[in-house]
Every structure is written in structure tokens, then in C-alpha cells.
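The following paragraphs lead through a single protein model, moving from one part to the next. Please keep the sequence and the structure in view while reading.

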Amino acid sequence: MATALDSAHMARALRLAARGLYTTDPNPRVGCVIARGEAVVGEGWHVVAGEPHAEIHALQAAGAAARGATAYVTLEPCCHQGRTPPCTEALIEAGIARVVCALRDPNPRVAGQGFERLREAGIRVERLEGAGSEARTLNIGYVKRMATGRPWIRVKLAASLDGRTALESGESRWITGEPAREDVHRWRARSSCILTGRGTVAADDPALNVRLAPEALGIDRAVRQPRLAIMDRALRTPPRARVFDTHTGVLLLTAAPDAPGAAALRARGAEIVGLPGHARGVDPGAVFAELGRREVNELHVEAGPTLCGSLLDSGYVDELLLYMAPTLLGSGARGMFDIAPLASMEQRVSLHVRELRHVGRDLRIRALPLIDREK
């Protein structure tokens, strides 16, 4: 039976896990605390894929004091040989007596087998159900990818209070203030990949990278740049676009992989991936399955109303990240989503607002579309 002390140690483990927010991709963010009663004898978190997991860091810090202690882990310990050896064996060899865990690992290579291996070795295993929601939220993309093969799809948009993203001429710099734009870089930094459309690249020539110093993210290493993917049905992305300077190995997801411009784009370092076409571009289901195969956990979408509307219409959007500036641009300006006309109010897209806060003078709204989640 979990106690208040168990909850306190797990809360610390969750705070440690959050330190890997910008660095662990594509691995999950995991924290571990090893304690003997109230005394913490070791702690750690997973920092970078390919390096030791949270349990190993905590065991190394605890040393001999780990024998007979309790390990509080935010995610079920791995029991397979991956980039690193299995953590279950390290916990067993260290003499841990009890493991308290927040979340079962949805990875089919673990999925309860880690708990079973620990129990076989005589270790008491308990789930702290109350902490599972926070551990899941911290790893929302990893959890979804393991369950569906597709990433968590977060669409970011900046707009005026009347829902306009740009003037009729296309001018959009800057709708929101500097604090909001800096906040966007934090969301980019935590993502595995940024997705945009060919139209946005051609019209705006954005850099779409993370332009924050490590200390701004609270990390002690170089900032990890997420991958960049461009949906481009006819393969007409301009080879001189800035994204080829700011990103290595840009993915071009296209229905025309052998189009005349392919050679010039490959010369710029692009990887061209042929996928099925779709009425409004490239088939989004094929896009997300491809990105899932490439271990993309959180997909950060920054695109125009055509692509954003297509994704919303098709039911693939998991989360909207909306920045609303206290300005008005008028009815002639461009909207947020180009979606099919609605025949009745019953067809409207309803949202669950998860969070509402000020970022500088702007509002940031995080909302979940209440639509068919079977996709």
C-alpha cells in the first residue's frame, strides 16, 4: 500500500524526469530516486539516448546503500538489451528490495515484463497509480507512438484575437510578442520533429530551428535540434530555402519522388521519401506512420491554414498550441484553418481547453480537439 512518503519520493523522481525534457529523445523521460525510509541515498534521470538510464545513475550514486532500499521509478524498468543493458538486472544485482513505479512501459519489448522479472528475483513491485497521469503526460508522444505507431501531433498557430494569422498580402511578422516567440522555441526544442508544408517554406522562407542557448532550457549541453519534415506533394520546395542551412537531412515527404527537382534537393542534403498522394496533398496517415517508424514521439506542426486545416479535417491533430495576440486584423486577413464548409453547428470542431495562460502580453491556449481519436 503506497504511503505519503512513497508519494513524496515519486514526486521528486518526476521532477528529475522532467530534466530530460529537451535531451532524451527518442527515449522516454524517466527519473529515479533510491531511498531508505525518508533518507534519499541516490537519484538520477535519463539524460541522452544511448547513455545510462535513470536507474543506473541512481544506483551509481547510492552505491552499497542501495541494498535493501526502495527504488522509485517513473517508468517501468527496461528488461531488454537496447542501446544500454537492461535496468532490471542492475536493480537485482544492487540488492534493491522494493520498486515503486508510476507507469507501465507501453513499449512491447517491456510492457509488464520488467515488473515480472523483478518479481521473479524476489523484489516487491508496486504501482503508484496517482503518479501515472503525470508520468504519461511527460511522455505523451512516446506513449502514443508505442500504442499506435504514430507521434503525438501538436499544431502551433499564432493569431490575432479575431483568429487571423496574416494579412491578405501574407505579411505576418510579428503578430505575437517576443516572449511568445521564445516560448515557441521551447516547444520546438522538446519535439522530435518539426513538420511544415511546401507553401510555408516557399512563402515565408522560415528557419524553423531552435534558437535558444542551453542555459535558457536549463541544460548543460548543446541544444538538440529536432528534425525537419516538409509535406510537398509535387516536390516543388525551393532548393535555396533557408531550412537546408538550418537543418541537416531535411525529410521531403512527397507523392512525386522522381520529379525533376529531386536532384537539386538531394544536393542540398534532403532525403526524399515517396508516399501515397491525398486529395489535399500527401496522405497524412502515411506521413505519420513514416515518422513513427523514425522514432518521432512529439511532432510539432508549424504550417499555413491549408495544411493545418487538412490535418484538423482528417482527425489527426492531438493538440492545438494557440498564441492569441491582443490585436485585430479584420475579415480580409487570412484565417487559421482552411477546413471544409460546415452544413450545421453540429459539425463544428469542439475543443477541450487544457491550459490558458499569459505569455508576455499574449495568451497561450493549449486545447485538445474533441474528435474521433481512432486514427
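Gly130 is exposed, because its relative accessible area of 74% lies over the 50% that marks an exposed residue. Gly130 belongs to helix H5, and the model in which it is seen here is a predicted one. A sense of the span of this model comes from pairing Gly130 with Asp258: the two are 128 residues apart in sequence, and their C-alpha atoms are 52 Å apart in space.

Helix H5, which covers residues 129-138, has helix H1, residues 4-17, as a partner, and the two axes come within 11 Å and cross at roughly 5°. With angles under 35 degrees counted as roughly parallel, H1 and H5 are therefore roughly parallel to each other. On the H1 side the contact is made by Met10, Leu14 and Ala17, while H5 contributes Ala131, Glu134, Ala135 and Leu138.

Met10 also leads into the interior of the model, since it is one of the residues that touch the most other members of the largest nonpolar core, a set of 40 residues; with it in this group are Ile34, Leu59, Ala71, Leu91, Ile96 and Val99. Which helix gives the most to this core? That is helix H2, residues 54-62, which supplies five residues. Ile34 shows how the core is joined across the sequence: once residues up to four places away are set aside, its contacts include Val40, Ala58, Leu59, Ala62, Ala71 and Ile96. Apart from this core lies another, of 33 residues, among them Val155, Val273, Phe288 and Cys308.

Helix H2 can be followed further through its buried residues, which include Ala54, Glu55, Ile56, Ala58, Leu59 and Ala62. The elements against which the buried residues of H2 pack are strand E1, strand E2 (39-45), strand E3 (70-73) and helix H3. After H2 comes Gly63, which has a positive phi, near 60°.

Helix H3, residues 87-93, holds Thr88. Is Thr88 buried or exposed? Its relative accessible area is 0%, so Thr88 is buried. Leaving out neighbours within four places in sequence, Thr88 is in contact with Pro77, Cys78 and Cys79, and also with Gly114, Arg117 and Leu118.

The loop between H1 and strand E1 (31-36) is where Pro26 is placed, and the peptide bond that leads from Asp25 to Pro26 is cis, with omega near 5°. Two arginines are each set over a tryptophan ring: Arg19 lies over the face of Trp45, at 4.7 Å from the ring centre, and the charged end of Arg181 sits over the ring of Trp174, 4.4 Å from its centre. As for pairs between aromatic rings, a search of the whole structure finds one.

Further along the chain, Leu208 lies in the loop between helix H8 (198-204) and helix H9 (214-217). Its phi is near 55°, a positive value in a residue other than glycine, and Leu208 is buried, with a relative accessible area of 3%. Another loop, between helix H10 (243-246) and strand E10 (251-254), contains Gly249, which at 34% relative accessibility counts as partly exposed. Gly249 and Glu271 are 22 residues apart in sequence, yet their C-alpha atoms are 6.0 Å apart in space.

Helix H12, residues 284-293, is the last helix to be considered here, and it returns to the second core through Phe288, which is listed both among the buried residues of H12 and among the members of that core. How many of the 10 residues of H12 are buried? Eight of them are, so H12 is largely enclosed by the rest of the structure. The buried set consists of Pro284, Gly285, Ala286, Val287, Phe288, Glu290, Leu291 and Gly292. Glu295 follows H12 and has a positive phi, near 65°, a positive value in a residue other than glycine. Glu295 is placed in the loop between H12 and strand E14 (298-302), and at 30% relative accessibility it counts as partly exposed.

Definitions and conventions:
Residues are numbered from 1 along each chain as its sequence is written. This is a predicted model: local features need pLDDT of at least 70, side-chain atom pairs count only at pLDDT 80 or more; totals for chains, interfaces and linings use all residues. Side-chain values use heavy atoms; hydrogens and water are left out. A nonpolar core is a set of buried Ala, Val, Leu, Ile, Met, Phe, Trp, Tyr and Cys residues joined through side-chain atoms within 4.5 Å. Buried means under 20% relative accessible area, exposed over 50%, partly exposed in between (1.4 Å probe, protein chains only). Helices (H or I, at least four residues) and strands (E, at least two) are DSSP runs, numbered from the N terminus. Contact means heavy atoms within 4.5 Å. Rings of Phe, Tyr and Trp (its six-membered ring) pair if their centres lie within 6.5 Å; planes under 30 degrees apart count as stacked, over 60 as edge-to-face and the rest as tilted. A charge sits over a ring if NZ of Lys or CZ of Arg is within 6 Å of the ring centre and within 35 degrees of the ring normal. Axes are lines fitted to C-alpha atoms, for helices over the stretch in contact, and angles run from 0 to 180 degrees between N-to-C directions. Angles under 35 degrees count as roughly parallel, over 145 as roughly antiparallel, 65 to 115 as roughly perpendicular and the rest as oblique.
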